[in-house]
Amino acid sequence: MAAEIDRKPDELQVEDVRADSGGRTETRPSSVRRDRAAWLVGALALVLGGVFVVVDLAYNEGKLIAPIDDAYIHLQYAAQLGSGHPFEYNTGDPVSTGASSLLYAFVLAAAHAVGFTGTALLAFAVAFGVVCCAVTAGLACRLGTTLFGRAAGAWAGVLIAVSGPFLWGAVSGMEVGLTALLVTGAVSAFVRERGCARFRWTPVVAALLALVRPEGLLFAVMLCGAMAWTVVVARRAGTVTTRRAVGRVAVGLAPLLVGVAQYAFYLLATGTPRANGVQSKSHLYDRPIFYLGEFVDRTVANVRGVVDHFNGLNNTDFAFPFALVFFLVGLGYLFANRPEWRTLVVAVAAGFAAVVASASTLSTALLHELRYFQPFLPLFFVFAVGGGYALTRLLPREGPRRFALHAVFLVMVLFTVVATPTWAVRLGRQAATIRDTDISVGAWISGNLPEDAIVGVKDVGAVAYFGERRVVDTIGLTTNGMAEASNNGPGSLYEALRTLPEGQRPTHFAMYEPWPGVPMQPFVDAGVFVSPPLRVFPVRTPPDLNDRRIVPFNDVRVYEADWTLAASGDRAPVPGQVRDYLNVGSLESERGHGYEVVSAQPGLQPYTVLRRHGDVIDSGRVIVGGERFTVRGLDPGKPLTVATRVLTPGENPEHREVRVRVDGRDAGVWRLPEAREEWTTARFTVPAELVTSSEVAVELEPVRPLLSPYPEYTSFGYWIVQ
């Protein structure tokens, strides 16, 4: 036994079968033991997945509930797809890209088509995820055996089977299990096919991986590079002809082409290659102004958080202590001692780096128990166990080396398994929280609102799935065009909602107050949400030991909507013929006028606001610095008046002074009136000699550039009168 463990991994990797003198085949004992280990760890994962399901049921009176609302987004898309309405979140809606996994949507749609509906579809999703988890554990066991030896493979499989976050993801109803299976399967296929430099199954599995998650696409692209390089090396060695090498490289690039096709579909169906989730959550788009420094700062902060979780040095128990160090040692060991696996090591390292960097650009990267990263845990644990194997190789004597090998692996498993119950309880508590809120809201809506009601929501999954009413997603995951408006603030969201055709505006809203999405209190204050709410759904589920819940709010409130004053903000506050009107806060109007906020300090964000005074509701932007825009439809050679509604809460007179430039020429200083609580109307006259054409560029800027105090005001719109 000691001699067998001490052998190099490549000495253990022999053919699973050999031919006897009669042409029959017999299985080698080592292969039997390896397969038995894979089956056992798969069975262990299957049993523990079942235990997690039982915990979920125990927390919810025997009903299966997903621990996050996003699972019901997948179920809704799947139900629509299975019913013949592909990617229409509401029947008749335009195609939307709120499903973060195209492949998973089709898997669930197939289940829906054969009769899994309602809660049964969630049961299928959970069962499918648990089976994928079990198969992944078995595959990882075999992969670890191939790369680091039989003992390492077996312990890696056990480590994966008892991993709390991986089991949580498998039972969540999300695509975690399927993605993990494809990640591990693609690498396993590469390992099996590398020797002959002919890849048949690796491109197929990697192509599916490219469709299952954006992070999967990045990892698949790295495997494309590994396949291409392996074929090139074989061509240089003379074992593959040039013609065959070209064909094999072309086949190996299939996953990349599949990824391109996916984004081409997005472009053709929605007008943009960016999925709605990216538009809503990415650091590139989730704030009114993009600042490179802010982008780097936020993304690096997420990277540090991911590293902290994977290194197991915080109280989330995502991995055992110093797991990331062991992972890097495992990669380094293979690269230094096993030349045949260097291409694989580079691909895996680059794939992990790309996944972490890409997912860290999302504002939600560290939420929902790091679900973007859970599918990569099995492969991570294989190489982390490999790192433990590598460190024990430093011991010179066989006996201590064997003892240290199993001792290190045992410690890894012990640190993991002691947290497994915590993850099970966490799952149950989170599922109960979703029952408290989104599912309860959906059930109430189904029984209490008219069938033609349209409900505006932040959490769009369970409310749509169980509410059986048309929904408008104010965050913009499933309703096209809302993500940018939501990211700009309540004023822009109001403008986007009120400009919907009357038959498509929300008649009701089911909302909570804090992020994600915009604050909702301004809608209540403006009377768009009729007070008091029709129903309040408080969160009664106790928080976990870290005083956290899966939802960021304390209650969900259902309001009736009142659009009586929807167009009141467009009325000009001054007499005269309006030549042009810039509705500040309306993204459509701002784009039509080339509107731009010029902030006095990098990092300041001109979020929009929603205010009501009297019988007027209007949106505006908070400005610290200045603005520029273009107005049209003018009579050249005539003076024009720029009129605006404005709030000026600043303490100093300089806060209310802006220099006006027209086509780059100085038109004078505009001293805005003091208005701290309610807006007032301000006017500025541009001399006739500065109006040289039917279109002019207007700039409002600080009187004293660079130096504080800067102009500070809230701009609600500009009417151009001649």
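**Salt bridges and nonpolar cores in a predicted model**

The side chains of Arg632 and Glu695 are joined by a salt bridge, with an N to O distance of 3.1 Å. Arg632 belongs to the loop between β11 (616-631) and β12 (640-648), and Glu695 to the loop between β15 (675-686) and β16 (696-702), so this pair ties together parts that are 63 residues apart in sequence. The model in which this pair is found is a predicted one. Both partners fall between the limits for buried and exposed, which are under 20% and over 50% relative accessible area. Arg632 is partly exposed because its relative accessibility is 34%, and Glu695 is likewise partly exposed, at 40%.

A further pair involves Glu674 and Arg676, whose closest N and O atoms are 3.2 Å apart in a salt bridge. Arg676 has a relative accessibility of 36% and therefore counts as partly exposed.

Is the salt bridge partner Glu495 buried or exposed? With a relative accessible area of 2%, Glu495 is buried. Its side chain meets that of Arg498 in a salt bridge at 2.8 Å, N to O. Arg498 also counts as buried, because its relative accessibility is 10% and the limit for a buried residue is under 20%. The two residues lie in helix α23 (residues 490-498), where a spacing of three residues places them about one turn of the helix apart.

Salt bridges are not confined to pairs: Glu175, Arg213 and Glu215 are linked in a network. The count of salt bridges comes to 25.

The discussion now turns to nonpolar residues. In soluble globular proteins, nonpolar side chains tend to be buried together. Here the largest nonpolar core comprises 154 residues, among which Tyr72 and Phe219 touch the most other members. The greatest contribution to this core comes from helix α6 (residues 119-148), which supplies 14 residues. A second core, separate from the largest one, holds 30 residues, including Ile289, Val597, Leu672 and Ala682.

Which residues surround Tyr72, when its neighbours within four places in sequence are left aside? Tyr72 is in contact with Leu64, Ile65 and Ala66, among others. Its contacts also include Tyr89 and Leu122, together with Ile434 and Ile439. Gly461, Ala462, Tyr465 and Phe466 complete the list of contacts made by Tyr72. One of these contacts, Leu122, has a residue number within the span of helix α6 (residues 119-148).

Definitions and conventions
Residues are numbered from 1 along each chain as its sequence is written. This is a predicted model: local features need pLDDT of at least 70, side-chain atom pairs count only at pLDDT 80 or more; totals for chains, interfaces and linings use all residues. Side-chain values use heavy atoms; hydrogens and water are left out. A nonpolar core is a set of buried Ala, Val, Leu, Ile, Met, Phe, Trp, Tyr and Cys residues joined through side-chain atoms within 4.5 Å. Buried means under 20% relative accessible area, exposed over 50%, partly exposed in between (1.4 Å probe, protein chains only). Helices (H or I, at least four residues) and strands (E, at least two) are DSSP runs, numbered from the N terminus. Contact means heavy atoms within 4.5 Å. A salt bridge is a side-chain nitrogen of Lys or Arg within 4 Å of a carboxyl oxygen of Asp or Glu.
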